[in-house]
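Dear colleague,

I am handing over the structure below. My notes on what was found in it follow.

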Amino acid sequence: MIDLQRKELRGHSTISRTTIEGWPAVFFSLPFIGAGTLIILASFNVIPVKDSSFHAAREVAASFGGLFALAGLLTLIHGLLSLNAKRKAAFLSQQYPAERWRADYPWDPQGIKADSSKKVKSGLYANLGITVFCAPFNWLFFAEQPDRIFQLFIGFFDLILVISWAYWVYLVLALWKYGVSSLEFHQFPFFLGGQAGMTLRMNRPAPGLKEMKATLRHIEERYETRGSGKNKSSVIVSYELYADTLTMNNLTPFQQQAVQWPLNFSLPQGSQYNTCLSCRPAKYWELEVNAQTPGIDYCPSFLLPVYAKP
């Protein structure tokens, strides 16, 4: 079933991590690093500052300074890495002008693994970062007992932290239950206007499998400004421009134990559907598999090398 309606994919993981890249990210990081460093030095009296100037314990102020410096450092690293990626992509584009995919993404022509383990790793790092961010606020909550509004502020972030860790546990259990699936390409790359043949290889059978859906979609990310006034912010939004869904139902007991599933899709024409994973914001093709089973569902996703013919 083909769907050509443009729609926003809410809650979809994005390839573009931030709305700021390269040199702007580098320059944006410097004030945070500088301010955080100054707060830390003042908190430990390396830069002499009177105690009356602090509205909390010096240790708490140092923690806030450390958060500022850490946020700036991570932004700096992100900017430098994106600059390096752009230089590498430019070099590969010059070396292989007729093979755009070489500079776009480190593809394996044989296939690609699901993002299950990557989600677990990235979720762990993100949750640890949120935990570190919340630690000084919670210390202030129990040690200083701040105003009611500030307590609600701390409680809101603690709720986000609990939900984030609960979702991470869900991802870990899904990885333990199904392992890491892979997708074997029948050709490399896939060209617009042609066929995309592939084989889904499951690490182990999905227990209780009754129906499986495989959705091939083209996704375009955009930087958008949402909100108004003081609540205005830049966000990354994923839009689905094209989708084709294969549904496998009424599976026999033999099929329910299968670990290899051949899939084939017809790809549309049009340069608007080209892949550009190295662009920011990114444009790409994704295969999402969804199978409802008892307990945790089976739902891996894979990037696909779909390009216009040179």
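**Disulfide, salt bridges and one sheet**

Cys-279 has a relative accessibility of 31%, so this residue counts as partly exposed. Please keep in mind that the model is a predicted one.

Cys-279 is one half of a disulfide with Cys-276, and the two sulfur atoms lie 1.7 Å apart. A search of the whole structure finds one disulfide. The partner, Cys-276, counts as buried, because its relative accessibility is 10%. The torsion about the S-S bond of Cys-276 and Cys-279 is about 60°, which means that the disulfide is right-handed. A further cysteine, Cys-299, is partly exposed, with a relative accessible area of 39%.

Next, the charged side chains. The count of salt bridges comes to 13. I describe some of them here.

Arg-100 and Asp-104 form a salt bridge in which the closest N and O atoms are 3.6 Å apart. Why are Asp-104 and Arg-100 separated by about one helical turn? The reason is that they are four residues apart in helix H3, which covers residues 100-104. Asp-104 is buried, at a relative accessible area of 5%, whereas Arg-100 is partly exposed, at 32%.

Arg-217 and Glu-286 form another salt bridge, with 3.7 Å between the closest N and O atoms. Arg-217 belongs to strand S7 (residues 212-226) and Glu-286 to strand S10 (residues 283-291), so this pair ties together parts that are 69 residues apart in sequence. Both Arg-217 and Glu-286 are buried.

Strand S7 also holds Glu-224. The side chain of Glu-224 meets that of Arg-226 in a salt bridge, at 2.9 Å from N to O. Glu-224 and Arg-226 are part of a network of salt bridges that also links Glu-8 and Arg-10. Is Glu-224 buried or exposed? Its relative accessibility is 19%, and the limit for buried is under 20%, so Glu-224 counts as buried. Arg-226 counts as partly exposed, because its relative accessibility is 30%.

Glu-224 has polar company besides Arg-226: a polar contact of 2.6 Å joins its side chain to that of Tyr-239. Which residues is Glu-224 in contact with, leaving aside its neighbours within four places in sequence? They are Ser-233, Ser-234, Val-235, Val-237 and Tyr-239.

Last, a sheet. Four strands form an open sheet with antiparallel pairing, in the order S3-S4-S6-S9. Strand S3 (111-113) and strand S9 (260-266) stand at the edges; each has a single partner strand, so one side of each is left without a neighbour in the sheet. On average, neighbouring strands of this sheet are turned by 20° against each other, direction ignored.

How many bridges join strand S6 to S9? There are seven, and the two strands run antiparallel, with S6 covering residues 195-201. Within this part of the sheet, Thr-199 stands opposite Pro-262, a residue of S9.

Regards

Key: Residues are numbered from 1 along each chain as its sequence is written. This is a predicted model: local features need pLDDT of at least 70, side-chain atom pairs count only at pLDDT 80 or more; totals for chains, interfaces and linings use all residues. Side-chain values use heavy atoms; hydrogens and water are left out. A disulfide is a pair of cysteine sulfur atoms within 2.5 Å. Buried means under 20% relative accessible area, exposed over 50%, partly exposed in between (1.4 Å probe, protein chains only). A salt bridge is a side-chain nitrogen of Lys or Arg within 4 Å of a carboxyl oxygen of Asp or Glu. A polar contact is a pair of N or O atoms within 3.5 Å; within protein, one must be able to donate a hydrogen and the other to accept it, and residues adjacent in sequence count only if both atoms are side-chain atoms. Contact means heavy atoms within 4.5 Å. Two strands pair if DSSP finds at least two bridges between them. Axes are lines fitted to C-alpha atoms, for helices over the stretch in contact, and angles run from 0 to 180 degrees between N-to-C directions.
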